[in-house]
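The following exercises concern the structure shown below. Each task is followed by a solution in steps.

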Amino acid sequence: MSDLSTVIEVAGALSAAGGLGYAKARSPRVFWSLVSAPIARVRFTLTYRATMDVCGLTVQPSRLRAFMVRNLARRDVQPVPPQVRCVRYSTTGMRAILRLPAGLEPADVAAASERLRHAWGVHSVHVVEVKPGFVELRMTGYDVLRRVKMPRRLPRKLTAGPLVVPVALREDGTAFVRDYQKIPHSLTLGANQSGKSMYQRNLVSGLAKLPVGLVGIDCKRGVEQRGYAPRLSALAITPDEASGLLEALVGEMEERFDLLSDHGVSDLWGLPAAVRPVPLVILVDEVAELFLVSAKKDEDRRDRMVMHMIRLAQMARAVGIYLEVCGQRFGSDLGKGATMLRAQLTGRVVHRVNDKQTADMGLGDIAPDAVFAVTTIAPDRPGVAVAGDSSGGWSRIRTPAMTPAEAVAICREYAHLTPHIAALAPFRPAISAAPAPGSPFLKPRPATS
């Protein structure tokens, strides 16, 4: 009987070990919550002061404090590390709020993030300034970009706004969102098979659920955007159609400026809700097709399109018209006007590229230190990108996997939100009742109650 109980105990121990090993490989969230998080918390608590000291993140105490410690507490005077205010767990890691002593700044802590990562045995450490004198250490327990799973609930400060779309996951475990009121225009670059289309699908799927008008420009005969037709207020699939559509959009912009002037406001959101036009997001796929011409007779059309896009990028934000420009390369080699247009596109998302010059085009003018991060994206990780903005900050992100059929199904489900805009009516795409036979697109999903 004792031999049988021994076998059962050994088998149970082996099963538990095997289960933890499987969880570590296939479900890192579970392994982190059960095993790694308690170990990391104990290590953080026991080694915090020593780690801060060896990383150079301590300062000498003030004379008053040194006098009190030496004469009243009868202890040796030691350097002062940042004070830990609170520590919180999550399914991806843990976060600690630190109160910086006089003499330290957030840049000092950020410079030591790699050493802190190794000292506490976590996957990564990111430093975010909360307010003057306070920083947050965002420690991730595993590679959250290996298998992307978006957070179920987003912080209220991220979703506070009428045009906020969660698109991807940052490497610190937080959601990357497109907030069109904060960053009205954006440029997305990436080589073939880099995940650029996946990013666009997630973006369109999020926008389709909002009260916003979508305008597509896809001069590759609509192969990327034709499936979104039920949710598009306008679609151009050739350079000639794109020229006419951009001219119509400029006319719509000027009419909206007249409306703002009549009501004495300077922004779309200052208008009364009863007369406020619906916001528009212009999705430009492969922008190079609008710049390149094969014959001299097409140069006038090209110049008009470039001029219209520059005008929209410079002024349309105030009237609720926003640009999402996508391409493989976007620099002065496309021709005149390209650099001027790129300068107006504040948001930048750069996927894997084929050369460093393309990375410089996307991020070199706003976050030079992010260029190296782009060149290190592995080819076997499609969807990984570096996102930056004009503030100089940047982070690695990855979009969750989404098939074209899923994006099309969402557009069909929310087709009733598509606004009718008179100026764009000639460019409204024809909508078939169901996908054509043999089409890879799924049938519409039933509407949710």
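**Exercise 1.** Leaving aside its neighbours within four places in sequence, determine which residues Arg317 is in contact with.

*Solution.* Contact means heavy atoms within 4.5 Å. With neighbours within four places in sequence set aside, Arg317 is in contact with Pro184, His185, Asp267, Leu312 and Tyr322. One of these partners, His185, is 132 residues from Arg317 in sequence, while the two C-alpha atoms are 8.1 Å apart in space. The model is a predicted one, in which local features need pLDDT of at least 70, side-chain atom pairs count only at pLDDT 80 or more, and totals for chains, interfaces and linings use all residues. Residues are numbered from 1 along each chain as its sequence is written, and side-chain values use heavy atoms, with hydrogens and water left out.

**Exercise 2.** Locate Arg317 in the chain and state whether it counts as buried, partly exposed or exposed.

*Solution.* Helices (H or I, at least four residues) and strands (E, at least two) are DSSP runs, numbered from the N terminus. Arg317 belongs to the loop between helix H10 (299-315) and strand E11 (321-327). Buried means under 20% relative accessible area, exposed over 50%, and partly exposed in between (1.4 Å probe, protein chains only). Because its relative accessibility is 39%, Arg317 counts as partly exposed.

**Exercise 3.** Describe the open sheet of 10 strands and the packing of H10 on it.

*Solution.* Two strands pair if DSSP finds at least two bridges between them. The strand order is E6-E5-E14-E13-E12-E7-E11-E10-E8-E9, with mixed pairing. Strand E6 (175-179) and strand E9 (232-236) are the edge strands, each pairing on one side only. Axes are lines fitted to C-alpha atoms, for helices over the stretch in contact, and angles run from 0 to 180 degrees between N-to-C directions. On average, neighbouring strands of this sheet are turned by 25° against each other, direction ignored. Within the sheet, strand E8 (residues 213-218) and strand E10 (residues 280-285) run parallel and are joined by 6 bridges. Leu214 has Val281 as its bridge partner in E10. H10 packs on the sheet, where it touches E10 and E11, and its direction makes about 125° with that of E11.

**Exercise 4.** Characterise the open sheet of 4 strands and the helices that lie across it.

*Solution.* The order is E1-E2-E4-E3, and the pairing is antiparallel. Strand E1 (83-89) and strand E3 (124-131) are the edge strands, each pairing on one side only. From one strand to the next, the twist averages 20°. Strand E2 (residues 93-99) is joined to strand E4 (residues 134-140) by 7 bridges, and the bridge partner of Met94 in E4 is Met139. Helix H2 (residues 28-54) lies across E1, E2 and E4, at about 25° to E2. Helix H5 (residues 113-120) lies across E3 and E4, at about 125° to E3.

**Exercise 5.** How do H2 and H5 pack against each other, and which residues make the contact?

*Solution.* The axes of H2 and H5 are 9 Å apart, and the packing angle is about 130°. H2 is therefore oblique to H5; angles under 35 degrees count as roughly parallel, over 145 as roughly antiparallel, 65 to 115 as roughly perpendicular and the rest as oblique. The contact is made by Ala40, Arg43, Phe44, Thr47, Tyr48, Thr51 and Met52 of H2 and by Leu116, Ala119 and Trp120 of H5.
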